[in-house]
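Thank you all for coming. I would like to walk you through one structure this morning, taking a sheet to begin with and then what is packed in the interior.

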Amino acid sequence: MLKSLEAIAAYRQGKQEHLEDNVWLKYIVQAEEQIVNMERVESLQELDYKNPVLDYVERSLRLLESLPLSFWIKELVEETLIWSETAKGGTSRQRLSWQAEGINCFVHNIGSAQLYLRHRGNSTTAMSPECERVTIVHQLIETHGLIGQQIRGEVPPTANDPLSTMVKEGVLASEELERLLTALNHCIIGAVSLELWQEVQSDVTTLIAVIASGDAFAPLPMMERLQRMRTGPISKGEDFRAEWSKLAGDGFHAELLGSLQHITFWYVESALQTFSLEQFLKMMTLAAGSIEVASLKHVSFEHVMKGIYYDYKGSKKINVYKKRIIEKYLSELEWADIEQGNTSSGSPHLSHRLHRRTNLPDTVFFDFQFSPAAEKLIEFCIEAEKSALYERAVLLLFDLFELRRDAFDRFHNEDSYLSQMNDTADYKAVILEYVTGHKVLDIGPGGGILLDLIEERMPGVTPVGIDISSNVVEALKKRKQLEGRQWEVLQGDALNLKDFVEAGSVNTVIFSSILHELYSYVPLNGVKFNHDTVSAALRSAFDVLSEGGVIIIRDGIMSEPETQIRRVRFLEKDGLMWLERYAKDFAGRQIQFQRLDGQEVLMPVNDAMEFLYTYTWGEEAYIHEVQEQFGYFSPTQYAAFIEQTLGDQAKIEVFRHYLQEGYTEALQGRVIVLDESGQEVALPDSTCFIVIRKESLL
């Protein structure tokens with residue numbers, strides 16, 4: 001067994017006396033601050049009781065032990081590996097002392113090399129074999145990980161020049177350096193993930209061959225480096241080249257980033273991968289223009305990374321509260337203002353900054369600063385999740401940062417929500433039977449399943465999704481790129497479609513489970529739960545519709561007669577508690593119920609169904625569903641409303657209503673619905689399907 005692994009094993013068995021003889025291990029195990037790349041951490045909570053740096057070093061050493069290498073190569077690689085993470089260790093007081101001495105604790109390969117040289121430098125004689133060994137290990141530590149970072153675009157090719165210099169100066173033969181670097185990078189990358197090593201091994205081998213040959217690397221254009229930094233988003237559907245060109249047309253000047261050509265970037269992927277390319281490039285342009293970069297070598301996004309994650313239900317999640325606020329902040333910065341340095345948003349609660357630390361003149365840190373009030377409010381939102389306070393907390397956040405006050409963005413469960421919307425494909429396929437013409441608008445396309453169905457089953461038809469949420473639009477654009485879809489997607493307002501689509505150019509407008517959301521979330525004249533909002537949406541659709549075109553509505557419906565009463569018997573112990581909470585939280589109208597004996601209540605049929613729609617979704621979705629009113633008209637009321645809103649030119653060709661499949665099964669074992677006499681009855685209709693034709697004026 002490697003001596004270093006023996007030392008780690010002894011430490012894990014509770015032995016401490018050997019730490020003075022293994023200073024590298026002492027530094028790592030004394031770490032009071034966890035300095036890790038959040039990219040591969042699954043839970044922040046685990047950092048409280050784990051030492052991920054020690055775990056990583058141990059994995060790299062175990063890989064080394066398994067490799068068939070000469071004793072000399074293995075010895076050099078072992079010494080490199082045990083020291084390469086030491087700048088992430090030390091007590092808080094010790095780290096402050098290191099920084100005062102000029103040790104770069106924030107660029108860990110540099111800092112670790114400095115610590116190693118301080119530990120070993122005075123114990124060797126100049127020109128001795130031991131001095132040569134220290135020189136080799138020092139250079140290997142200082143360039144530790146840079147080959148992988150070069151592949152990712154985070155470092156310029158010149159960062160690995162010190163390795164080539166050892167060959168040129170005769171410290172190592174070319175073949176020796178090649179064997180050393182191959183073994184070292186196998187351990188470094190394989191300790192992160194063996195799958196990752198298999199994926200990049202070919203690229204690593206190519207780079208090592210160039211380094212060992214002593215040949216200079218060809219300069220890498222900044223655009224190419226930035227594209228490599230976007231590997232994650234690109235793998236999820238970002239069309240980097242197309243978006244780059246679009247942004248250039250919008251005022252982005254790529255040449256401004258040329259001053260960053262020599263810079264090494266830290267924690268880019270982990271900190272910025274969930275931001276759009278526009279937001280990413282704005283941050284890079286801010287970094288290029290806000291400070292004097294000529295004297296810099298490093299730009300770190302470590303603080304952004306640490307602030308953008310939190311634990312939700314035991315797993316690491318993006319802090320979407322902070323992310324949405326940062327997104328809005330960046331969206332309000334114009335390219336011209338960034339170039340001219342006019343980047344003050346006027347908000348007292350958020351700003352960006354680039355700052356240096358004492359004794360680190362070559363390193364700058366990019367960060368977003370939230371005011372203490374904003375930080376506390378974001379913490380409050382996190383604490384209030386899944387409680388009755390959540391909506392109020394989020395609305396306070398909306399007010400503070402002037403964000404949209406609706407709930408189209410579902411924060412931490414948005415991905416699962418869009419996935420659930422895609423699961424309704426069978427229901428939405430019925431809509432295709434009534435689609436007419438060649439251009440179709442899908443209002444509020446969600447996860448895009450209806451766009452997919454139209455594209456796949458109706459050749460020659462151009463489906464266009466329109467959504468007010470920039471996040472939904474961005475997600476759809478990525479999926480379109482990733483899957484090679486032909487449909488289009490636009491960010492737009494359903495109440496003002498003429499601003500985005502030419503009047504009379506659309507043959508079909510589809511509102512699939514979206515009108516009740518507009519009714520519930522979008523205030524018209526300051527009032528939510530407003531029939532005028534539905535009226536505005538229908539008129540907006542009618543305006544862009546061609547003669548002969550259709551509006552298709554699939555949405556909630558109320559029962560007739562509205563005076564009907566139902567008894568609801570709860571089979572779950574907390575069922576009645578959820579009804580009481582719902583009646584208090586629901587803002588659409590007053591929910592009426594009369595408690596009977598035991599777990600039973602008497603309710604108007606439509607109040608019962610409105611509650612059961614939310615109850616069906618369960619606790620996870622409650623805070624969102626309680627904000628929506630699914631049924632807002634009875635069939636008779638809906639027909640009259642359409643005629644009144646759209647006039648004589650509108651003809652209702654299809655009007656049917658039914659119980660949506662799945663409700664009965666979802667409520668089975670949870671509630672029993674009975675009539676007033678106590679006889680069990682079926683659930684009433686939940687959903688309507690309406691087709692409206694725009695007739696010719698002739």
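**The sheet and its surroundings**

Let me begin with a pair of strands, β5 and β6, which run antiparallel and are joined by seven bridges. Please keep in mind throughout that this is a predicted model. Within this pair, Leu350 stands opposite Phe370 in β6, and in the hairpin of β5 and β6, where two residues lie between the strands, Asn359 takes a positive phi near 75°.

Which order do the strands of this sheet follow? The sheet is open and has four strands, in the order β1-β2-β6-β5, and its pairing is mixed. At the edges are β1, residues 264-266, and β5, residues 350-357, each of which pairs on one side only. From one strand to the next, the twist averages 20°.

The antiparallel part of that mixture is the β5 and β6 pair I have just described, while the parallel part comes from other pairs. β2 and β6 run parallel and are joined by three bridges, and here Val299 has Val364 in β6 as its bridge partner. β1 and β2, the latter covering residues 298-300, also pair in the parallel sense, over three bridges, with Trp266 standing opposite Ser300 in β2. As a general reminder, strands of a sheet pair through backbone hydrogen bonds, either parallel or antiparallel.

Why do we call β6 largely enclosed by the rest of the structure? The strand covers residues 360-370, and eight of its 11 residues are buried, so β6 is for the most part surrounded by the remainder of the model.

Let me turn now to the nonpolar interior. The largest nonpolar core has 66 residues, and those with the most contacts inside it are Leu226, Phe265, Leu281, Phe301 and Phe368. Helix α16, residues 277-289, gives this core its largest share, namely eight residues. Apart from this core lies another, of 64 residues, including Leu54, Ile151, Ile189 and Ala212.

Taking Leu226 as an example, and leaving aside its neighbours within four places in sequence, we find Leu226 in contact with Phe240, Trp244, Leu257, Phe280, Leu281 and Met284. Among these partners, Phe280, Leu281 and Met284 are also buried residues of α16.

That helix deserves a closer look. α16 is mostly covered, with 11 of its 13 residues buried, and the buried set includes Gln279, Lys282 and Thr285 as well as Leu277 and Leu286. As for its length, at 1.5 Å a residue the 13 residues of α16 should span 18 Å, and because its end C-alpha atoms are 18 Å apart, the two values agree.

How many disulfides does the structure hold? There are zero. For those of you thinking about cysteines, Cys187 has a relative accessible area of 0%, and therefore counts as buried, the cut-off being under 20%. Cys381 is likewise buried, at 0% relative accessibility.

I will finish with a residue of another strand, Ser512, which lies in β10, residues 506-512. Is Ser512 buried or exposed? Its relative accessibility is 5%, so Ser512 counts as buried. Leaving aside its neighbours within four places in sequence, Ser512 is in contact with Lys428, Ile431 and Arg554.

Definitions and conventions. Residues numbered from 1 in each chain as written. Predicted model: local features only at pLDDT ≥ 70, side-chain atom pairs only at ≥ 80, totals over all residues. Heavy atoms only, no water. Pairing = 2+ DSSP bridges. Axes fitted to C-alpha atoms, helices over the stretch in contact; angles between N-to-C directions. Core = buried A, V, L, I, M, F, W, Y, C linked by side-chain atoms within 4.5 Å. Buried < 20%, exposed > 50% of the residue type's maximum accessible area, 1.4 Å probe, protein only. Contact = heavy atoms within 4.5 Å. Disulfide = S-S within 2.5 Å. Expected span 1.5 Å × (residues − 1).
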